[in-house]
Amino acid sequence: MEQRTNDPRQSERFPIRIPVYAREDYFGTSVDLSESGMLIRSAAKAAREGASLSVRFTLPGRSEPVVIETRIARIGEQSVDPQSGLGLSFDTRESTHRVVCDYLATLKRDRAPLQLKIAADAGRRMVTLSGVLTDPLQLSALQSMPQPILLNLRDLTILREEDWLSFIYTLPTTKPVALHDCPQSFIQKANRSPQFLAGQEVRSFFAPYRCAKCDRESERLLFVQHLRAKGVQPAALFTCDDCKLPMELDTVADEYLKFLHH
Ligand SMILES: [Zn+2]
């Protein structure tokens, strides 16, 4: 286990500038963000070192704001401006802390080069793609693969939809492509443009779930074959790891599952 630290100086910082609010008021703007906390520029004079402060901010590209308890770690951060720099340490016990960590993990992964890993899966060859797709030529090795092509997309990040479409269009139309473990970002792209899934079949995909009782969020894997079975509702498939009550789909089902009808 990696040791958890509460010191913002110990973990990798990302230069993310977002407004931070405290008690409904604008408190300052972040200079950087890490798993352990954030450095902000704030004109708040009442900030006292060691005091706790509940803050709210919205991560870039996300819609739900993060509300998290913090402790004011340092005042007068030299690297910013001794008058306005402020370090906030996150309370790592809060469930929203995981949202921040997941977000940063995505940013780290986005810098990783694309990798293709071929493994036998129940007698078939499954190709796991991980990293960031930045050029369709990165996938040219797949053109000579025997069909059907089975792809696991769990750790794949696609920045531009056209890169994926260019790859798909280089494959002979007779080659069926089956997709496993499609991440939420992939499903969102598929829902936005029907041609995104041309010639492909989604077999399984991730969806966001939330427990209404303890507010715990979790990503779960859904199987299309299972969903197509009569009477199976995505809302009633999983229970919360903490309280064991049924979890709710944390998005509008009709919109998130639109790609199934493309
Ligand atoms: Zn729960």
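## A tour from the first hairpin to the main core

Select residues 19–22 and then residues 25–33 in this predicted model: these are strands β1 and β2, which pair in the antiparallel sense over four bridges. To see the register of the pairing, pick Pro-19, whose bridge partner in β2 is Thr-29. The two strands form a hairpin with two residues between them, and one stop worth making in that turn is Arg-23, which has a positive phi of about 50° although it is not a glycine. Arg-23 counts as exposed, because it has 9 C-beta neighbours inside 10 Å.

Next, keep β1 in view and add residues 52–57, which make up strand β4. β1 and β4 run antiparallel and are joined by two bridges; here the residue to pick is Tyr-21, whose bridge partner in β4 is Arg-56. If you colour by pLDDT, β4 is where confidence is highest, at a mean of 95, whereas strand β7 (residues 115–121) is where confidence is lowest, at a mean of 82.

With the colouring still on, select residues 1–9, over which pLDDT stays under 50 and for which the model has 15 contacts beyond four places in sequence. Where pLDDT is low, the predicted coordinates should not be read in detail. For the protein as a whole, the mean pLDDT is 84, and 90% of the residues reach 70 or more.

Now move along the chain to an open sheet of three strands, which lie in the order β13-β12-β14 with antiparallel pairing. β13 (217–223) and β14 (248–249) each have a single partner strand and stand at the edges, so one side of each is left without a neighbour in the sheet. Seven bridges join β12 (residues 204–210) to β13, and selecting Phe-205 together with Leu-222 shows one partnered pair between these strands.

From β12, turn to helix α3 (residues 184–192) and show the side chains of Phe-186, Ile-187 and Ala-190, which are buried. These three residues cover an arc of only 95° around the axis, which puts them on the same side of α3. To see what covers the buried residues of α3, display β9 (149–158), β12 and α5 (253–256), which are included among the covering elements.

Which residues touch the most other members of the largest nonpolar core? They are Leu-153, Cys-182 and Ile-187, in a core of 27 residues. At least two residues of this core come from each of β9, α2 (161–170), β10 (177–180), α3 and β12, and β9 gives the most, with five residues. Centre the view on Leu-153: leaving aside residues up to four places away in sequence, Leu-153 touches Leu-129, Leu-179, Asp-181, Cys-182, Pro-183 and Phe-186. Apart from this core lies another, of 15 residues, and Phe-27, Met-38, Ile-68 and Leu-86 are among its members.

One of the residues touching Leu-153 deserves its own stop, namely Asp-181, which is placed in the loop between β10 and α3. Phi of Asp-181 is near 55°, a positive value in a residue other than glycine, and Asp-181 counts as partly exposed because it has 19 C-beta neighbours inside 10 Å.

Finally, zoom out to the whole chain, in which there are five helices and 14 strands. Of the 262 residues, 21% count as buried, and residues 24 or more positions apart account for 55% of the contacts with a separation of 6 or more.

Conventions. Residues are numbered from 1 along each chain as its sequence is written. This is a predicted model: local features need pLDDT of at least 70, side-chain atom pairs count only at pLDDT 80 or more; totals for chains, interfaces and linings use all residues. Two strands pair if DSSP finds at least two bridges between them. A residue is buried if 20 or more other C-beta atoms lie within 10 Å of its own, exposed if 12 or fewer, and partly exposed in between; C-beta atoms are placed from the backbone. The arc is that of the directions from the helix axis to the C-beta atoms. Two residues are in contact if their C-beta atoms, placed from the backbone, lie within 7 Å. pLDDT is the predictor's confidence in each residue, from 0 to 100. A nonpolar core is a set of buried Ala, Val, Leu, Ile, Met, Phe, Trp, Tyr and Cys residues joined through C-beta atoms within 7 Å.
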